[in-house]
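Biologist: Could you walk me through how some of the helices pack in this one? Please keep it plain.

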Amino acid sequence: MRNKDQKVVNLALQGGGSHGAYAWGVIEQLIDDGRIDIDSLSGTSAGAMNAVVYAYGRMKNGPQGAKEALHNFWYEVSKIGNGFKLVYHNHVQKFMNHWNADRNPSFLWFQMITRLFSPYEWNPLNINPLKDVLEKCVNFEELKLCECANIFIGTTCVRTGKVQVFHNKSITADVVMASSCLPTLFQSVKIGNDCFWDGGFSGNPPLFPLISRSKSRDVIIVHINPMVREEIPDRPLEIMNRMNEIAFNSSLLKELRAISFVIKLLDEEWLKEEYRGKLRHLLIHSIHADQPLKGLGVSSKFSTDWGFLTYLRDLGRAEAKRWLKENYDKVGVEATVNLRSEYIDTTSTKM
């Protein structure tokens, strides 16, 4: 049951493989802090998993149940890699710049295989142990009855390239796996008459459902794909990693550009008075990963080492704690992100 003194927010959770454990830490810190309550969660890929696990745990046993469910889910994820590791073991990983293994022969071999063969060829049985973990941690039939949180899961329709968002009663394990389906690693997921890939291609995460279907106008975007990297990549994997980060951030930037335009219409009173009430002035906040995760390469997104996952969780907790200290008083009052300067307006005025 919601505490009347709590401030109500929405969470927008990005995808990014194992780096989703960073968002786990952010959510855990918000729960422990106790001053924030979550009304709606929009998620893609790992963000989708965090969203459904949080909602199911909360439905079963309140905020503490959500915290326990997230811990159990990520612990089960860690077991997946016990028999097959693409990266170095724990002590070597730490020595090699926090679990990076971009030059590890086993990881390079894995990258080569996924470029030469499709998942229909090298994984014809479509084996995905992550689905087993998800179904072990979440009863999706029970989740359909969830009323403690709105859940919005973003996917990309392979046929049209458009984003398709699934809400509480339509969410299944297949929907979450579709949201997490990287096409070089997994076969597309069929839902109804269409097939779907990772939602990050079209909305990472989708923000538009939070505009009309949430009780709160505060949206906290939890980034796990760095927006800014000062260093120019010059090695193949670094270039590929940055290409993926830009691609998976681009859909978010497009939505933020649209939201910024609506805010400008409202703030500068460009609309007739009778139309102003039809648009919502969102208060955008963000918990960034640019500094905490900047040293991690693409290989680390595949690491399920428990030490690594808890390391990311602790980074997320620390960043959320810092963010709350600096911005809690502004929640519900004003945005803590300047959309134009931070996300949109980087155009030079020189001709």
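Biologist: At roughly what angle do the axes of helix 1 and helix 2 cross?

Modeller: This is a predicted model, where local features need pLDDT of at least 70, side-chain atom pairs count only at pLDDT 80 or more, and totals for chains, interfaces and linings use all residues. Residues are numbered from 1 along each chain as its sequence is written, and side-chain values use heavy atoms, with hydrogens and water left out. Helix 1 covers residues 20–33 and helix 2 residues 46–80, and their axes (lines fitted to C-alpha atoms over the stretch in contact, with angles from 0 to 180 degrees between N-to-C directions) come within 9 Å and cross at roughly 25°.

Biologist: Are helix 1 and helix 2 roughly parallel or antiparallel?

Modeller: Angles under 35 degrees count as roughly parallel and over 145 as roughly antiparallel. With a crossing of roughly 25°, helix 1 and helix 2 are therefore roughly parallel.

Biologist: Which residues in helix 12 does helix 2 meet?

Modeller: Contact here means heavy atoms within 4.5 Å. From helix 2, His71, Trp74, Tyr75, Val77 and Ser78 take part. Their partners in helix 12 are Trp306, Leu309 and Arg313.

Biologist: Where is the kink in helix 10 centred?

Modeller: Helix 10, residues 236–267, reaches 45 Å from its first C-alpha to its last, close to the 46 Å expected (1.5 Å times one less than its number of residues). The kink is about 35° (the angle between axes fitted to the seven residues ending at a residue and the seven starting there), and its centre is Ser250.

Terms used. Helices (H or I, at least four residues) and strands (E, at least two) are DSSP runs, numbered from the N terminus. Angles under 35 degrees count as roughly parallel, over 145 as roughly antiparallel, 65 to 115 as roughly perpendicular and the rest as oblique.
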